[in-house]
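Here is a friendly walk through the empty spaces inside a protein model, followed by a stop at a single serine. Have the viewer open as you read.

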Amino acid sequence: MKPFIFHAQTSDYFREKEGVLTVTLVSERTDWNKVQLRHEPDNEEYLLDMVQVGTEGRLTLWQASFPANTDRNVTHYAFKLVDSKGQYWLDAKGVHSRVASREFHFKFNTQHRPPSWVSEQVFYQIFPERFCNGNPSISVKAGEYRLKEDTLDVAVKEWGESVEGHNGTGAAEFFGGDLAGIHSKLDYLQDLGITALYLNPIFQSPSNHKYDTTDYYNVDSHFGTNDEFSALSKDIHTRDMRIVLDAVFNHTSVEHPWFDKLKATDSGAYDNPGSAFHDYYFFDPENTQQYVSWKNISSLPVLNFSNVSVREHIFQSQDSVIKHWLKAPYNIDGWRFDVIHMLGEGEGAYNNAHYVKAFRDSAKAENPEAYILGEHFFEATSWLQGEQEDGSMNYYGFAHPVRALLAKQDIAYEPIDIDMLAFSDWLAEARAKVPWLNQLSQLNQLDSHDTARLLTLLNGDQAKQKLALTLLFTYVGTPCLYYGTEVGLEGGQDPDNRRCFPWDKEDTSHWFPFHQALIKLRTERRSLQSGAYLELYCDTETLVFTRCLRGEKTLVVLNLSQDEKVLSLPVWMLGQEQGKLIELQGELIDLQDELVDLQGKVKGEPIVNGVVDLVVTAMEAKIYDVVNR
């Protein structure tokens, strides 16, 4: 059996001052021959002896200080403990009987850290065309124009009608959602507890999803005006909220004036080698009608970032798109970069890392606190070491494993069957590959505009959805709700996952208070925002973990078993020998006096000699406070 050894990069176990890192390790045992810290100041192993500095319950605290690396931005370290029989190593993934790959060592960014405000937020993703129609006078009109290179008429529908099926003509359907609608619902969002908005693209574009941009400097006229967006942003910030916009810089629409496939003018690049914009894109030298497009979708020609004018327009100049919307009067708080891993100099995303860094540098030069968020459907480790992205849409490290565990489907909607042990291992691996501060800035979602809604994949199973939501608001990273989840909105693959928000249900859905209570816990408990993650128990069906920070200890139980269980939980691992577990979850417990019985005693499950026996009911998700009382 492996010994208990633990370290985290929270203020309880870690501090940095003037380039020196001081780290604290905790262990149950004291009879080690050696307790050492391993680091690589010059790419060679150095082992520092750690010294005992105190105790916490039955735990011994060990400490060492060492200089952060100056040869690179990320400092790696791990721990080695030796006794008479062998050795154990602790890295960011866990305890091992041998030295582990440097890939999983603890990592600390001396430079390029994410803004601290991100992990404090609860984000809400809005697909603007389907959220709320606040100004019908600007909605798309039937017969107004055509899409798909002038081959498909726009389809205007009544709010709440069904949407076109997957791989159909869904991009041409319009219901009338707009900025005025978003603005009118800020009170609603604040009542829910939302503190930050992420909007899918809002710039001029023929489609309803706006990922085919024709003008990066203007809000789409069917969404509103630049002035309306300025007013929306101002109101959001007045409410101490944040806003992040979607940046689509890998490709444009074929109707962008630079490309102009429909020949609205004679200056576009398409079939025009003499165009000033010809080298903004990639054309076959032998056939100027053949060009590189995103995933071979002909309506989305790929931009060429080896062209200086493209670079100036998108990120290099003071008037670049990235800087423009970060400045007054818009003052957005960050960018979510669409398919950022595919961007570069031609097919194969050549020189991609260079351009992602350049995007970051451009945004941070305008606003050092801007959030740089990348879209990656799969593993994003290499982009999350500090100097490229602050966080990613955490499909690989959160959405994928949650879907595999609960819905038994992978991201391609194919069968997969993992148990809770495999789920825990998946989460641990994804965390360990990324510096801690970037872990906290990962955007965790259960679903999005690109995936079927989880509740639909679960066939409406409310118990599993509650397990997933509990995990969303208690796990490491920043939670983001996809609009309508809080009222039980369902939907299959896109565009069915982009249904209209059912505004006739928001006051009656039983889901709303459940979300509201979870969000309240998340925003009130600092341990859930940035506390250390420590697993106390895991079997094939049940996971128990804690989030701890500066004395606040939050314990989370997720049980997929169809049977009741009694778990003996080793809370001594938290330095807790006595006290109680007090249930925090949900709308049921809002007032402190509800936690006290008539004799003035605190209600809860008792902790005796560092262990609490907890009865866990079938298909249960619960959150507890671990207290000394």
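In this predicted model, a search of the whole structure turns up four cavities of 30 Å³ or more. The table sets out the two largest, with the make-up of their linings.

| Cavity | Volume | Nonpolar | Polar | Charged |
|---|---|---|---|---|
| Largest | about 180 Å³ | ten residues | seven residues | three residues |
| Second largest | about 70 Å³ | ten residues | one residue | no residues |

Let's start with the largest cavity, which has a volume of about 180 Å³. It is lined by 20 residues, and those closest to its centre are Asn394, Gly397, Ala430, Val434 and Gln442. Two elements, α7 (395-406) and α8 (420-432), give two or more residues to this lining. The most comes from α8, with three residues.

Both helices turn up again around the second largest cavity, where α7, α8, α11 (462-474) and β30 (552-559) each supply at least two residues of the lining. To find this cavity in your viewer, select its lining residues, among them Val402, Leu405, Met420, Phe423, Leu467, Leu471 and Leu558. Asn559 is also part of this lining, whose residues divide into ten nonpolar, one polar and no charged.

Now for the serine. Is Ser205 buried or exposed? Ser205 has a relative accessible area of 4%, and because the cut-off for buried is under 20%, Ser205 counts as buried. Ser205 sits in the loop between β18 (203-204) and β19 (215-219). Leaving aside residues up to four places away in sequence, Ser205 touches Lys210, Tyr211, Asp212, Thr213, Thr214 and Asp220.

Notes:
Residues are numbered from 1 along each chain as its sequence is written. This is a predicted model: local features need pLDDT of at least 70, side-chain atom pairs count only at pLDDT 80 or more; totals for chains, interfaces and linings use all residues. Side-chain values use heavy atoms; hydrogens and water are left out. Helices (H or I, at least four residues) and strands (E, at least two) are DSSP runs, numbered from the N terminus. Buried means under 20% relative accessible area, exposed over 50%, partly exposed in between (1.4 Å probe, protein chains only). Contact means heavy atoms within 4.5 Å. On a 1 Å grid over the protein atoms alone, a cavity is a set of points where a 1.4 Å probe fits but cannot get out, and a pocket is an open set with protein on both sides within 12 Å along at least five of seven lines; lining residues have an atom within 4 Å of a point. Grid points are joined across faces, edges and corners, and a volume is the space filled by probe spheres set on the points. Ala, Val, Leu, Ile, Met, Phe, Trp, Tyr, Cys and Pro count as nonpolar, Asp, Glu, Lys and Arg as charged, and the others, Gly among them, as polar.
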